[in-house]
Amino acid sequence: MSLSTSRRLALLTSASLALLAGCGSSSDSADAKSAPARVAVVASTDVWGDIARRVGGDRVDVTSVISDPDQDPHSYEADPQNQLALSKAEVVVENGGGYDDFVDRMLKSGHNDSAEVVNAVEVSGKKAPKGGELNEHVWYDFPTVAEVADRISAALAEADPGDAAAFEKNAAAFKAKLAPLEAEEAQIKKAHGGEGVAITEPVPLYMTEASGLVNRTPAPFSEAIEEGDDVSPRVLQQSLALFSGKKVKVLVYNEQTSGPQTEKAEAAAKAAGIPVVPVTETLPKGKDYLGWMTGNVGALASALAK
């Protein structure tokens with residue numbers, strides 16, 4: 001074969017490869033253009049963000065404003081990145097009940113009045129008891145979480161009608177996985193209904209109440225801890241006496257708001273041989289909502305069985 005013939009074949013091969021590459025890039029570009037835009041969702045915490053992601057699947061982009069266990073929603077200060085995300089959100093999932101008021105403030109300042117807003121406390125229909133305060137930690141209430149999943153599905157369908165059936169199917173699948181958690185609470189209630197429990201904050205109360213347990217903690221103690229206030233010596237002694245007097249079977253302890261007074265409660269419980277069940281307000285690292293709550297309910301059941 002002559003040198004000139006070899007060069008001609010090389011040029012033809014290069015031209016063919018270039019043509020194929022050009023066809024591939026054109027196809028890729030067309031695929032990218034035909035891919036549907038995802039629904040922009042902003043959730044106040046990673047708890048609601050995880051649930052929104054389960055309902056939305058690969059058809060949503062979810063931003064969770066609070067995603068660090070060390071962040072406190074009560075004292076959160078808006079940052080430009082989250083402000084921008086909320087200004088562009090098509091669906092917003094907030095807890096409500098005074099827990100994450102920053103969401104409404106940021107929506108207003110971002111001039112976003114077109115977003116579909118799902119307020120979990122409003123969905124729950126829960127109200128403050130007469131003379132008391134609303135327990136806003138409704139993500140520990142599984143019936144409420146199921147209702148919120150349905151409302152998220154409906155909100156996503158408003159933003160993306162073409163995928164409404166997928167959202168509804170995902171919500172149904174998520175709710176089916178909540179059922180075993182409610183069943184385990186019912187089993188705890190059957191075995192331990194009426195037994196006393198102590199808490200450091202109201203965070204887990206919907207779970208303990210659904211499990212038939214009676215909160216014996218002096219209200220001023222848990223309220224002071226939740227508000228970051230000091231507990232009076234008298235109230236602290238009343239709280240510690242729950243353990244020394246064996247008036248409760250378990251202490252449910254919010255790890256995210258520990259301090260000298262809650263640590264005294266934990267130490268008193270351990271000294272009396274009373275199990276301590278740690279809980280948090282936001283997702284522990286590496287956990288999703290269902291795995292997290294499965295662990296919480298399982299830990300409660302195990303502690304009571306001791």
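In this predicted model, the buried residues of helix 10 pack against strand 5 (196-199), helix 9 (219-227), strand 7 (250-254) and helix 11. The residues in question are Val235, Leu236, Ser239, Leu240, Leu242 and Phe243. Viewed down the axis of helix 10, these buried residues fall within an arc of 135 degrees, so they line one face of the helix. A general feature of helices is worth recalling here: an α-helix has 3.6 residues a turn, so residues three or four places apart point the same way. On the other side of helix 10, the exposed residues are Pro233, Arg234 and Ser244.

The length of helix 10 is readily checked. Helix 10 covers residues 233-244, and at 1.5 Å a residue its 12 residues should span 16 Å. The C-alpha atoms at its ends are 16 Å apart, in agreement with that expectation. Just after the helix comes Lys246, which takes a positive phi of about 55 degrees.

Helix 10 also takes part in enclosing a cavity. The structure holds 1 cavity of 30 Å³ or more, and the volume of the largest cavity is about 40 Å³. Its lining is made up of Ala198, Ile199, Thr217, Phe221, Ser239, Leu242, Phe243, Leu251 and Ala265. Strand 5 and helix 10 are the elements that give two or more residues to this lining. The largest share, 3 residues, comes from helix 10. Ser239, Leu242 and Phe243 thus appear both among the buried residues of helix 10 and in the lining of the largest cavity.

Attention now turns to the charged side chains. The structure holds 8 salt bridges, and a few of them are described here. One of these joins the side chains of Asp50 and Arg54, at 3.7 Å from N to O. Both residues belong to helix 2 (residues 46-56), where they sit 4 residues apart, about one turn of the helix. With a relative accessibility of 10%, Asp50 counts as buried because the cut-off for that class is under 20%. Arg54, at 29% relative accessibility, counts as partly exposed.

A salt bridge between helices is formed by Asp150 and Lys175, whose side chains meet at 2.8 Å, N to O. Asp150 lies in helix 6 (residues 142-159) and Lys175 in helix 7 (residues 164-192), so the pair ties together parts that are 25 residues apart in sequence. Each partner is partly exposed: the relative accessible area is 36% for Asp150 and 29% for Lys175.

In helix 11, one of the elements packed against the buried residues of helix 10, Lys270 forms a salt bridge with Glu266, and the closest N and O atoms are 3.3 Å apart. Lys270 and Glu266 are both located in helix 11 (residues 260-271), 4 residues from one another, about one turn of the helix. Lys270 is exposed, having a relative accessible area of 53%, whereas Glu266 is partly exposed at 21%. Elsewhere, salt bridges with shared partners join Asp50, Arg54 and Asp288 into one network.

Notes:
Residues are numbered from 1 along each chain as its sequence is written. This is a predicted model: local features need pLDDT of at least 70, side-chain atom pairs count only at pLDDT 80 or more; totals for chains, interfaces and linings use all residues. Side-chain values use heavy atoms; hydrogens and water are left out. A salt bridge is a side-chain nitrogen of Lys or Arg within 4 Å of a carboxyl oxygen of Asp or Glu. Buried means under 20% relative accessible area, exposed over 50%, partly exposed in between (1.4 Å probe, protein chains only). The expected span of a helix is 1.5 Å times one less than its number of residues. The arc is that of the directions from the helix axis to the C-beta atoms. Contact means heavy atoms within 4.5 Å. On a 1 Å grid over the protein atoms alone, a cavity is a set of points where a 1.4 Å probe fits but cannot get out, and a pocket is an open set with protein on both sides within 12 Å along at least five of seven lines; lining residues have an atom within 4 Å of a point. Grid points are joined across faces, edges and corners, and a volume is the space filled by probe spheres set on the points.
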